[in-house]
Amino acid sequence: MIFKEMKDTNLVRVLELEQACFKQPWLEKDCLYELNENPFSHGWILLDEDTIVGYAFLWETFEMAQLARIGVDPDLRKRGYGKELMMHLFDRAREVACEYMTLEVRASNEAALNLYQKMGFIQVNVSKSYYPDGEDAIVMTLAL
């Protein structure tokens with residue numbers, strides 16, 4: 001597996017994964033903003049045999065890293081890609097002196113909740129009706 005910083009040329013595949021992974025996928029303009037305009041955002045891709053199998057956007061702000069987005073090809077889940085991607089993000093956050101990582105996850109996303117808990121995240125809050133469809137978000141944090 002290889003991790004690389006995301007580039008505009010990766011967006012066709014990243015947008016395919018967005019559609020496959022999320023109820024409200026980000027649009028191309030959203031991803032371009034994260035890559036080219038948001039000074040705190042860093043996009044990463046995970047490749048296996050030259051195929052993008054996962055990606056993430058991590059916001060690095062002083063001592064805090066926030067997982068803004070993460071996706072793994074649904075056809076390739078349960079193969080350890082999500083865990084590998086998270087481990088890379090932990091390493092990246094530590095490299096830039098972040099002390100904590102936070103994220104929000106849909107309350108109904110049991111697979112993601114289980115992964116995050118196994119990786120050491122703890123629930124610190126519930127954001128009521130956080131998502132456009134009214135679903136709550138579980139707010140989690142991890143000391144790095």
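**Exercise 1. Find out how many bridges join E4 to strand E5, and which way the two strands run.**

Solution. Start by locating E5, which covers residues 100-106. Four bridges join E4 to this strand, and the two run parallel. Keep in mind that you're looking at a predicted model. Next, pick out one pair: leucine 67 has leucine 103 in E5 as its bridge partner. Now follow the chain from E4 to E5: the path goes through helix H3, residues 81-95, and this β-α-β crossover is right-handed.

**Exercise 2. Work out which sense E3 and E4 pair in, and over how many bridges.**

Solution. Step one: find strand E3 at residues 51-61. E3 and E4 pair in the antiparallel sense, over eight bridges. Step two: check a couple of partners. Phenylalanine 57 is bridged to arginine 69 in E4, and tyrosine 55 has glycine 71 in E4 as its partner. Step three: look at the turn. The two strands form a hairpin with two residues between them, and phenylalanine 62 in that turn has a positive phi of about 55°.

**Exercise 3. Now go to the other side of the E3 story: which strand does E2 join, and in what sense?**

Solution. E2 takes up residues 41-48, and eight bridges join it to E3. These strands run antiparallel. For a sample pair, take aspartate 48, whose bridge partner in E3 is threonine 51. The hairpin of E2 and E3 has two residues between the strands, and glutamate 49 there takes a positive phi near 55°.

**Exercise 4. Find the strand that seven bridges join to E5.**

Solution. The strand is E7, residues 137-143, and E5 and E7 run antiparallel. To see the pairing up close, find valine 105, which stands opposite isoleucine 138 in E7.

**Exercise 5. Decide how well covered the strands E3, E4 and E5 are.**

Solution. You need one cut-off here: a residue is buried when its relative accessible area is under 20%.

- E3: eight of its eleven residues are buried, so the rest of the structure largely encloses this strand.
- E4: this strand spans residues 64-72, and seven of the nine are buried, which makes it mostly covered.
- E5: five of its seven residues are buried, so E5 is largely enclosed too.

Then zoom out: across the 144 residues of the protein, buried ones make up 45%.

**Exercise 6. Glutamate 16 and arginine 77: what does the relative accessibility of each tell you?**

Solution. The partly exposed class lies between under 20% (buried) and over 50% (exposed).

First, glutamate 16, which sits in helix H1, residues 11-21. Its relative accessibility is 43%, so it counts as partly exposed. The C-alpha atoms of glutamate 16 and threonine 61 are 28 Å apart, with the two residues 45 places apart along the chain.

Second, arginine 77, found in the loop between E4 and H3. With a relative accessible area of 41%, arginine 77 is partly exposed. Leaving out residues up to four places away in sequence, arginine 77 touches Cys21 and Val72. Its C-alpha atom is separated by 23 Å from that of histidine 42, which is 35 residues away along the chain.

**Exercise 7. Put together the overall layout: how many helices and strands are there, and in what order do they come?**

Solution. Count first: four helices and seven strands. Then read them off from the N terminus: β-α-α-β-β-β-α-β-α-β-β. Finally, see how contacts connect the chain. Among contacts between residues at least 6 apart in sequence, 59% join residues at least 24 apart.

**Exercise 8. Test the radius of gyration against that of a compact globule.**

Solution. For 144 residues, a compact globule would have a radius of gyration near 15 Å. The protein has 14 Å, so the two agree. To add to the picture, the C-alpha trace spans about 35 × 35 × 30 Å along its principal axes. The protein exposes about 8100 Å², with carbon and sulfur atoms supplying 50% of it.

**Exercise 9. Where is the confidence lowest, and where is it highest?**

Solution. Begin with the average: the protein has a pLDDT of 96, and 100% of the residues score at least 70. Then compare elements: helix H4 (residues 110-118) is lowest, at a mean of 94, while E7 is highest, at 98.

Methods
Residues are numbered from 1 along each chain as its sequence is written. This is a predicted model: local features need pLDDT of at least 70, side-chain atom pairs count only at pLDDT 80 or more; totals for chains, interfaces and linings use all residues. Side-chain values use heavy atoms; hydrogens and water are left out. Buried means under 20% relative accessible area, exposed over 50%, partly exposed in between (1.4 Å probe, protein chains only). Two strands pair if DSSP finds at least two bridges between them. A crossover is right-handed if, with the strands pointing away from the viewer, the path from the first strand over the helix to the second runs clockwise. pLDDT is the predictor's confidence in each residue, from 0 to 100. The radius of gyration is taken over C-alpha atoms; the globule rule is 2.2 Å times the number of residues to the power 0.38. Contact means heavy atoms within 4.5 Å. Accessible areas come from the Shrake-Rupley method with a 1.4 Å probe; for residues, only the protein chains shown count as cover.
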